[in-house]
Structures are given as C-alpha cells and as structure tokens.
Amino acid sequence: MPTKLYDDIIFGPVRSRRLGLSLGVNLLPLECKLCSFNCIYCECGWTEKGHKAAFNKREDVARLLADKLFEMVNADNAPDVITFAGNGEPTAAPEFPQAIAGAVALRDELAPNSKIAVLSNGTRADRPEVHDALMMVDDNILKLDTVDPAFIQLLDQPVGPYDVEHQIETFASFNGHVIIQTMFLSGEYRGKSLDNTGEEYVGPWLAALERIRPQEATIYTVARETPVAGLAKAAPDVLDAIAARVQALGIPCQVSY
C-alpha cells in the first residue's frame, strides 16, 4: 500500500492525534527510511538496508528550526510540541544529542511554552549519550508494542538483535521520565494473526509497564497507509478496556483510535 517519506528537515506543523499541533524535525535522510525496526505498519514504508545516504546536519536543523519557530510565534501559532521523528529512528543520527541540545535552547528562547518530544523505538536508549539527551526532552516516547519475542519479530521486525528484557530494563532506567507507546491492531500477515489485544499479550505487557513505571502510556491503532495489506484497527472498546487496566495500575493512559 502507498506510504510516504518526509521530504523536509522541518515538516508540518501537523495536527497529531496524541501531541496536538506538532512541528516535526527529521534528522534522517530525505530520500530513504533508516531504522533499526522494519515495522509492517510504518507510514514511511520499509527500512532501507545498506543505504549510504547522509543524515541531516545539526547546523541545518538548528537554522531551519529557528526560522520556522520564529515564523509560527510571530503568527501567534506556536507549536504545542517540537517532535523529533521523520524517516526512521531519530536516535540513529550521529548528532542526535547535539541536535536535542540545540532544539532545547531554541525552544527556551523562542517558544518557551512548547514541549519537545522524541518518537523512538528505544533500541539506542541504553547508550549513555542518547539516554542523557532523552532525559532533556519533555516527552521521551519509546515503543513497546508487545513483550512476546515472536510477535515482535512479526510486527516490528528488528533489523538487528533485539532483547525485549533488556529494553524493559532500559526503559525502567529513566525512572519514570518515559512515555511508553504501543500499537494494538488486528488482521493477518503471512498467514499469522496480528491481534495483540488478547490476554496472552496484554497481561505480560501490563506487567512490563509495572516494572517500567512510565509517566504515561499511549496506545493507538492503525490510522494511515501501511507497507502491507491485511492490517486492521483494534476496536475502540477494546482499546478503552486496555487503557482502563493501565489506569488501574496508577499509570495515566492516552488512547488514539
């Protein structure tokens, strides 16, 4: 099915289901997707392997972000959030820590009421320089779609080794300064069920949340074009029931249908 790449370093603003008015920052190459996951639901399509495209330089990111923030603030339309996302995994950019520090300084100067968010799969969150940078942002949003290894391989398709137990420990190391983002869906892929809303998946996922103790969980479902056919939304009442169980743990939960 059709998917799209972001063709600008600074994109939007767009109205996000979860974040409000979001101004996007893309550290990844403009001509391809680079990611340590190959999620079958990703709106950017498939992950490029062995691509030699260059990451965007932090100087260009800072200059373009300053220009756009200045424009939006002067129009009395400051973003609710400045979101590092784009064509893949933002923490893969070699200058990710420096880009975050620059964005924080610009936000403080030009749009002090705007938050800074990072949408990440968390595979590099254990690296000290990345961990420190994620502690600087307001919304450190890390992915945990399931704790079932086989389902991870089916849905998220990590490009390299992936140890979910290590990921849970890494997420817990943020001491609550983390938002766990989870995709719930249904449908079928390669002859296997994609429904991760049953107790087989939800129970262990809730146990992981208890260990991580995030500031919030955000759960969502398929809403845009995906690389493969056969993916379907999780029903609203199912998402609401899962959210209620998260909230019963004392963890706030945001739902996007």
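In what follows, Ala, Val, Leu, Ile, Met, Phe, Trp, Tyr, Cys and Pro count as nonpolar, Asp, Glu, Lys and Arg as charged, and the others, Gly among them, as polar. With those classes in hand, let us walk through this structure, which is a predicted model.

A good place to begin is the 8-stranded open sheet, whose strands follow the order 1-2-3-4-5-6-9-11 with mixed pairing. At its edges stand strand 1 and strand 11 (253-256), and each has a single partner strand, so one side of each is left without a neighbour in the sheet. On average, and with direction ignored, neighbouring strands here are turned by 25 degrees against each other. If you would like to look at one pairing in this sheet, try strand 6 and strand 9 (residues 216-220): the two run parallel and are joined by 5 bridges. Along that pair, methionine 183 stands opposite tyrosine 220 in strand 9.

A second open sheet is built from 3 strands in the order 8-7-10, with antiparallel pairing. Its edges are strand 8 (192-193) and strand 10 (231-233); each has a single partner strand, so one side of each is left without a neighbour in the sheet. Strand 7 (residues 185-189) pairs with strand 8 in the antiparallel sense over 2 bridges. There you will find glutamate 188 opposite serine 193 in strand 8.

Now turn to the helices. The axes of helix 1 (residues 58-74) and helix 2 come within 10 Å of each other and cross at roughly 20 degrees. Angles under 35 degrees count as roughly parallel, and that makes helix 1 roughly parallel to helix 2. Their crossing is right-handed. Helix 2 (residues 96-110) also meets helix 3 (residues 128-136), where the axes come within 9 Å and cross at roughly 20 degrees. Helix 2 and helix 3 are therefore roughly parallel to each other as well. This time, however, the crossing is left-handed.

Next come the pockets. Rolling a probe the size of a water molecule over the atoms shows where empty space is left. The largest pocket has a volume of about 920 Å³. Which residues lie nearest its centre? Out of the 43 residues in the lining, they are Tyr6, Arg18, Glu43, Leu119 and Arg224. The lining also brings us back to the strands, since strand 1 (10-16), strand 2 (20-25), strand 4 (115-120) and strand 6 (179-183) each supply at least two of its residues. Strand 1 gives the largest share, 5 residues. Sorted by the classes given at the start, the lining of this pocket holds 19 nonpolar, 12 polar and 12 charged residues.

The second largest pocket contains about 240 Å³ of space. It is lined by 13 residues, and the closest to its centre are Thr123, Gly160, Pro161, Tyr162 and Gln167. By class, its lining comprises 4 nonpolar, 5 polar and 4 charged residues.

Two details of the backbone round off the tour. Most residues other than glycine have a negative phi, and most peptide bonds are trans. Where, then, does a cis peptide bond occur? One joins glycine 12 and proline 13, with omega at about 10 degrees. Proline 13 lies in strand 1, the strand with the largest share of the lining of the largest pocket. The other detail concerns aspartate 76, which has a positive phi of about 55 degrees although it is not a glycine. You can find aspartate 76 in the loop between helix 1 and strand 3 (81-84).

How values were computed
Residues numbered from 1 in each chain as written. Predicted model: local features only at pLDDT ≥ 70, side-chain atom pairs only at ≥ 80, totals over all residues. Heavy atoms only, no water. 1 Å grid on protein atoms, 1.4 Å probe; cavity = no way out; pocket = protein on both sides within 12 Å on 5 of 7 lines; lining within 4 Å. Points joined across faces, edges and corners; volume = space filled by probe spheres on them. Helix = DSSP H or I, 4+ residues; strand = E, 2+ residues; numbered from the N terminus. Pairing = 2+ DSSP bridges. Axes fitted to C-alpha atoms, helices over the stretch in contact; angles between N-to-C directions. Parallel < 35°, antiparallel > 145°, perpendicular 65-115°, else oblique. Left-handed = near helix turned anticlockwise from the far one by under 90°.
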